[in-house]
Amino acid sequence: MLRTYWLHYLVAAILAAAVLVAIRVHMASGQVRGEASVQIRSDAEEGLYYAEAWCTECHSVQPETAGTGKFAPDFTVIANRRSAHWLNIFLRSEHKIMPDFVFKTAEIDSIVSYIVSLKRR
Ligand code: HEC
């Protein structure tokens with residue numbers, strides 16, 4: 001009699017562990033889905049929106065306005081001399097003249113994909 005009770009506890013414990021693992025796996029896949037949707041929103045269009053809001057004070061950010069930037073290089077010029085990797089590092093670094101923005105990762109991703117989209121094909 002005592003022996004079978006012990007078995008019930010064991011089975012219950014195993015089931016509980018299985019449920020916990022299932023919840024973890026479910027939540028992990030939810031996180032992956034969440035990131036995927038951020039990726040979809042972080043496109044060049046969103047980057048242009050941020051650039052218009054934050055960068056036009058000093059830079060010309062669109063091909064149509066090239067040459068009208070204040071004292072900072074045009075985004076079209078930057079696009080043709082820098083890689084996405086270089087831009088990623090630059091936007092996360094400290095600068096001497098340019099202000100140090102504190103971006104979210106998704107914001108950097110979209111700004112970089114916008115600048116890269118200006119590369120002459
Ligand atoms: C207050 C003026 C100012 C603002 C606002 C500004 N920048 Fe700049 N930026 C500069 C100056 C000046 C330089 C050139 C000197 C340097 O590299 O720090 C520069 C350089 C850069 C470079 C490197 C260019 C190269 O090829 O060396 C990138 C990329 C850049 N800016 C992106 C941005 C983005 C993206 C924004 C908006 C989120 C922004 N900047 C907002 C002034 C500004």
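How many residues of the shell around the ligand are nonpolar, how many polar and how many charged? In this predicted model, the shell divides into 15 nonpolar, 2 polar and 4 charged residues.

**View 1. Surroundings of the ligand, with 21 residues around the bound molecule.** Of these 21 residues, the ones that come nearest to the ligand are W54, C55, C58, A72 and M98. Helices also take part in the shell, since at least two of its residues are supplied by each of α2 (44-54), α3 (75-81) and α4 (84-92).

**View 2. Packing of helix α4 against helix α5.** Helix α5 spans residues 105-117, and its axis lies 10 Å from that of α4, the two helices packing at an angle of about 135°. Because angles over 145 degrees count as roughly antiparallel and those from 65 to 115 as roughly perpendicular, α4 and α5 are described as oblique to each other. In passing α5, helix α4 makes a right-handed crossing. On the side of α4 the contact is made by A84, L87, N88, L91 and R92, while α5 contributes I108, I111, V112, I115 and V116. The residues of this contact between α4 and α5 comprise 8 nonpolar, 1 polar and 1 charged.

**View 3. Residue V77 in helix α3.** Around V77 there are 16 other C-beta atoms within 10 Å, and because a residue counts as buried at 20 or more and as exposed at 12 or fewer, V77 is classed as partly exposed. Although V77 and I115 stand 38 residues apart along the chain, their C-alpha atoms are separated by 9.6 Å. I115 is one of the residues through which α5 makes its contact with α4.

Terms used:
Residues numbered from 1 in each chain as written. Predicted model: local features only at pLDDT ≥ 70, side-chain atom pairs only at ≥ 80, totals over all residues. Near = placed C-beta within 6 Å. Helix = DSSP H or I, 4+ residues; strand = E, 2+ residues; numbered from the N terminus. Nonpolar A, V, L, I, M, F, W, Y, C, P; charged D, E, K, R; others polar. Axes fitted to C-alpha atoms, helices over the stretch in contact; angles between N-to-C directions. Parallel < 35°, antiparallel > 145°, perpendicular 65-115°, else oblique. Left-handed = near helix turned anticlockwise from the far one by under 90°. Contact = placed C-beta atoms within 7 Å.
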